[in-house]
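Good morning, colleagues. I should like to take you through a few local features of the structure now coming up on the screen.

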Amino acid sequence: MALHVPKAPGVAQMLKDGARYFSGLEEAVYRNISACKQFAQSVRTAYGPNGMNKMIINHIEKLFVTNDAATIINELEVEHPAAKLLVLASKMQEAEAGDGTNFVIIFAGALLEAAEELLRLGITTSEIVEGYEGTLEKALEILPTFVVHEIKDYRNEEEMKAGIKTSIMSKQYGNEEILASFVSRACVSILPEKTTFNVDNVRVCKILGGGLTSSQVVNGMVFKRQVEGDITKQSNAKIAIYTCPVDISQTETKGTVLIKTADELMQFSRGEESLLETQIKAIAASGATVVVSGGKFGDMALHYMTKYNLMAVRIPSKFDIRRLSKTVGATALSKLVAPSKEELGYADSVYVDELGDTIVVIFRLDGNDSRVSTILVRGSTENYMDDIERAIDDGVNTFKGITRDGRFLPGAGATEIELAAQLAAYADTLPGLTQYAAHRFATALEVFPKTLAENSGNHASELLSKLYAAHKEGKKTYGFDIEAEGTALIDTVQAGILDLFLTKQWALKYAVEVACTVLKVDQIIMAKRAGGPKAPGGGARDDEE
């Protein structure tokens, strides 16, 4: 009879073999804090204009070289449950504000690091959480008092450019002027009158060759494709869009035709040809000059399209067909029938162009009628252009944020230091042990100017003392000047280094919420993984080992 070994008492005896269970401060809380600290430390060096790039190779071996925290956390498959919470908070920030993802992770990491010291002093997690949440409320009360600039005219390109510049600067330092002007021009040209701004309406088309200065903004859409027929340009184009192939229609059922003579064969094929010609003639008669199809163009169809002076463009992507329909104001038809006037779209010109070695088809709308604009990015490598695209994406999201709330705060660490100074004074007024947590919250905010200094190769402690001294003298808009040698300060308002109020507000909320969620965890119960044992890494298994 086999000897029955009883399981250890407690939670473990309720779970399957192979399940893991951690509880208490040492096993659960400190382990979680340690994982989050390490994760925050890894993205901290990528913060600010002088942030270092990370080289990431994802699960399908695609290479990314970037300092954009949103891309880093998307491509890293984080396993640890507590660090995963930080990733989720950062993704929420990306969805809400489109920028400030690194801010959330760094600040949450700094709050958890401060909490660890308090826990070792014997303060309970509930008191720390209470202190953090109370201080966040106070911080969100104080934050609107720091507003130094507000944009009200969203159609003024120069004003919008000044607002967008800082968010692009943190990704592409040195190229912010040219990129901010591209983004503001692209966004203002398609800004709707009443409805909210949609970030998907600004497309990026990356073309190898040339440099960033060769880039341009096109009102309309650009596709990296060649036209199907011989006609390569149409002005004042009326566009018919089909989701089906432009070819002889295939019958649903198979049929057998008995042909006895050569005349019968000629008549049989002529019947198909005349039907196709009738269809294409009807499309040309409707006024259309460009035919766009989601399917293929048959050789016979192309022959007739050239005969009736129709330009043929094939776009296999359903998503792009939808976008193009929206851009030119057309209705996508599912059958090869002549479109009505309402179903036809319009573009000022549709033409083929060659940029570098790449042939493109451009649908251009010269007026302010365009609903989609495209930024043509030129660059020497795919990786470089990908990074430019991420900077443009941040700029477009900032534009959307400005249309929701046009208020700005001083950048370069000025807001964080002023907030830290005021919260430290507020912490002194609090009774009980929550004041320790409030003090740590204020200290955690110092991590941002510290990081800016460290990433620029300067002494963080020297910068902090200079910033505090300047803010005590009433220079509340002074931040860290990364261009000057040593730890010099700069008036951020005069320099035009401004952070969007909305981004900062949401980042503070999400960072504190995720830090408090991690602190509230006191037990980790991990079920046994599904499936059998994993195959060892490094290819085939060696049985001799």
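Let me begin with one pair of residues: Val 350 has Phe 363 in β12 as its bridge partner. Please bear in mind that this is a predicted model.

That pair belongs to the pairing of strand β11, residues 345-355, with β12; the two strands run antiparallel and are joined by 7 bridges. Between the strands of this hairpin there are 2 residues, and Gly 356 takes a positive phi near 65°.

Strand β12, residues 358-364, also pairs with strand β6, residues 216-223. Here too the sense is antiparallel, over 4 bridges. Within β12, Val 361 is the residue that stands opposite Phe 223. As general background, strands of a sheet pair through backbone hydrogen bonds, either parallel or antiparallel.

I turn now to another sheet. Three strands form an open sheet, in the order β4-β14-β17, with antiparallel pairing. Its edge strands are β4, at 149-150, and β17, at 498-500, each of which pairs on one side only. Strand β14, residues 407-410, is joined to β17 by 3 bridges in the antiparallel sense. One point to locate on the screen is Phe 408, whose bridge partner in β17 is Leu 500.

Next, a single residue in a helix. Thr 503 lies in helix α17, which spans residues 501-519. Is Thr 503 buried or exposed? Its relative accessibility is 13%, and the cut-off for buried is under 20%, so Thr 503 counts as buried. Leaving aside residues up to four places away in sequence, Thr 503 touches Gln 93, Ala 97, Asp 99 and Gly 100.

Finally, I come to a pair of helices. At what angle do α5 and α13 pack? Helix α5, residues 125-142, and helix α13, residues 434-444, pack at about 55°, with their axes 8 Å apart. The two helices are therefore oblique to each other, and the crossing of α5 and α13 is right-handed. On the α5 side, the contact is made by Glu 127, Ile 128, Glu 130, Gly 131, Tyr 132, Thr 135, Leu 136 and Ala 139. From α13 come Thr 434, Ala 437, Ala 438, Arg 440 and Phe 441. By class, this contact has 7 nonpolar, 3 polar and 3 charged residues.

Thank you for your attention.

Note on methods
Residues numbered from 1 in each chain as written. Predicted model: local features only at pLDDT ≥ 70, side-chain atom pairs only at ≥ 80, totals over all residues. Heavy atoms only, no water. Axes fitted to C-alpha atoms, helices over the stretch in contact; angles between N-to-C directions. Parallel < 35°, antiparallel > 145°, perpendicular 65-115°, else oblique. Left-handed = near helix turned anticlockwise from the far one by under 90°. Contact = heavy atoms within 4.5 Å. Nonpolar A, V, L, I, M, F, W, Y, C, P; charged D, E, K, R; others polar. Buried < 20%, exposed > 50% of the residue type's maximum accessible area, 1.4 Å probe, protein only. Pairing = 2+ DSSP bridges.
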